[in-house]
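Q: I have a structure open and want to go through the fold before doing anything else with the file. Can you take me through the sheets first?

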Amino acid sequence: MPTIHDLDTPSILIDAARAEANIARAQAHADRNGLKLRPHIKTHKLPYWAKKQMAAGAVGITCQKIGEAEVMADAGLADIFLPYNILGRAKLARLKALHDRVTLSVTADSRDTLEGLAATFTDAGHPLQVLVECDTGMGRCGVQTSDEAVALARLIDKAGGLAFGGLMTYPAAGRAAEAEAWLASAKQALAASALACERISSGGTPDMWRSADASIVTEYRPGTYIYLDRYQVAKGVGTLDDCALTVLATVVSHPTPTRAILDSGSKALSSDTLGLKDFGELLSAPDARVTGLSEEHGTVTLSGNAKLRIGERVRVLPDHCCVVTNLFNEVNLIDGETVLETLPVAARGLMG
């Protein structure tokens, strides 16, 4: 079998055993806490891993784009959540075609979005499940108050081809308790309006590991947990030994004793640091950090006992693995230095 030494650089390496262990760990946590797990495929974008997540006990998957969902449906994934405002005739037509193939649910946070959905989905015998997106502190999409959530839920409930599916949020990191209080208030307001709310969906890998005692959340949508990265390690989610994704790179220059250059820049490692100081670290050199990026160059700063040589191949642990995945056409599943399989990143860069 080929080894990582046979691969060109830059390349993505996925430690298959670590990814499998991360899947099992998250599912066990969800099961212990009575949570339905609906993993977000944005991290891996691979039907291969989506099927592994389903086999482990997930109730379905989450996709952020219609194109991603279409790829997953083509691969046989049958229960898909699209937590995004779908607008425009072309997208709505694709959404309707997808609804005819799989169990589908979506979100909305405005009357405008609901008007498009209601005009497209008119079959009361096969309604589209629509959840109301709630801004519980993230400051992105979502209704701002419980009253707004109730108003949208009523509109969904009255639309012949739609069905109110519950509440959805993506809370700000570290503010899960605040999100819980917001959602509990909204659920109470819905009950006062005689609207049942059986599904309350939340997400974010770092906060899923807290105790779910008396949680209002019924479903969780973690994404990064399958691979982990430097950000997740910084948040205490796992250790370096739990991280499954690294970027294989080559040292192409060593201009000074403390500066080396990799053939992996922002088009391989991403410039998204999620607030971390550096862009990545080298597993083989603990005192080496990727401190700068241009498009095709990664600047490594060496300190302490860190040493590199021109032509040396290194493995870089990135800050944010989800973005890195989307920069490559394929990934390599590995066991140690053995390449088990090379897979196309099937849901990468798709429209919608």
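A: Start with the open sheet: eight strands make it up, in the order 2-9-8-7-6-5-4-3, with parallel pairing.

Q: Which strands stand at the edges?

A: Strand 2 (36–37) and strand 3 (61–62). Each has a single partner strand, so one side of each has no neighbour in the sheet.

Q: How many bridges join strand 2 to strand 9?

A: Two, and the strands run parallel; strand 9 covers residues 219–221. As for a specific pair, Lys-36 has Glu-219 of strand 9 as its bridge partner.

Q: Is this an experimental or a predicted model?

A: It is a predicted model.

Q: OK, back to pairing. What does strand 10 pair with?

A: Among its partners is strand 1 (residues 11–15), which runs antiparallel to strand 10 (residues 245–256) and is joined to it by four bridges. Strand 15 (residues 313–318) also pairs with strand 10 in the antiparallel sense, over four bridges. With strand 11 (residues 259–262) the pairing is antiparallel too, over three bridges.

Q: And how many residues sit between strand 10 and strand 11?

A: Two; strand 10 and strand 11 form a hairpin.

Q: Give me residue pairs I can click on.

A: Leu-13 has Thr-246 in strand 10 as its bridge partner. Leu-248 is opposite Arg-315 of strand 15, and Val-251 is opposite Leu-262 of strand 11.

Q: Where do side chains point in a regular strand?

A: They alternate between the two faces of the sheet.

Q: Switching to helices. Is helix 3 enclosed or open?

A: Helix 3 (residues 66–74) is largely enclosed by the rest of the structure, because seven of its nine residues are buried.

Q: Which residues of helix 3 are buried?

A: Ile-66, Gly-67, Glu-68, Ala-69, Val-71, Met-72 and Ala-73. Glu-68 is thus one of the buried residues of helix 3.

Q: What do the buried residues of helix 3 pack against?

A: Two helices and two strands: helix 2 (47–56), helix 4 (89–99), strand 3 and strand 4 (79–82). Strand 3 is also one of the edge strands of the open sheet.

Q: What about the backbone just after helix 3?

A: Gly-76 is found there, with a positive phi of about 105 degrees.

Q: Different spot: Thr-291. Which strand is it in, and is it buried or exposed?

A: Thr-291 belongs to strand 13 (residues 288–293). Its relative accessible area is 34%, so it counts as partly exposed, a class that lies between the 20% and 50% cut-offs.

Q: Which residues is Thr-291 in contact with?

A: Setting aside neighbours within four places in sequence, the contacts of Thr-291 are Asp-278, Phe-279, Thr-299, Val-300 and Thr-301. Phe-279 is twelve residues from Thr-291 along the chain, and their C-alpha atoms are 5.9 Å apart.

Q: Now the whole protein. What about overall dimensions?

A: The radius of gyration is 22 Å, which agrees with the value near 20 Å for a compact globule of 352 residues. Along the principal axes, the C-alpha atoms fill a box of roughly 70 × 35 × 35 Å.

Q: How many helices and strands are there?

A: The protein has ten helices and 17 strands.

Q: Burial and surface?

A: Of the 352 residues, 52% are buried. The accessible surface is about 14,900 Å², and carbon and sulfur atoms account for 50% of that.

Q: Last one, charges?

A: There are 35 positive and 41 negative side chains, and the centres of the two sets are 2 Å apart.

Conventions
Residues are numbered from 1 along each chain as its sequence is written. This is a predicted model: local features need pLDDT of at least 70, side-chain atom pairs count only at pLDDT 80 or more; totals for chains, interfaces and linings use all residues. Side-chain values use heavy atoms; hydrogens and water are left out. The radius of gyration is taken over C-alpha atoms; the globule rule is 2.2 Å times the number of residues to the power 0.38. Buried means under 20% relative accessible area, exposed over 50%, partly exposed in between (1.4 Å probe, protein chains only). Accessible areas come from the Shrake-Rupley method with a 1.4 Å probe; for residues, only the protein chains shown count as cover. Lys and Arg count as positive and Asp and Glu as negative; His and the chain ends are not counted. The place of a charge is taken as NZ of Lys, CZ of Arg, CG of Asp or CD of Glu. Two strands pair if DSSP finds at least two bridges between them. Contact means heavy atoms within 4.5 Å.
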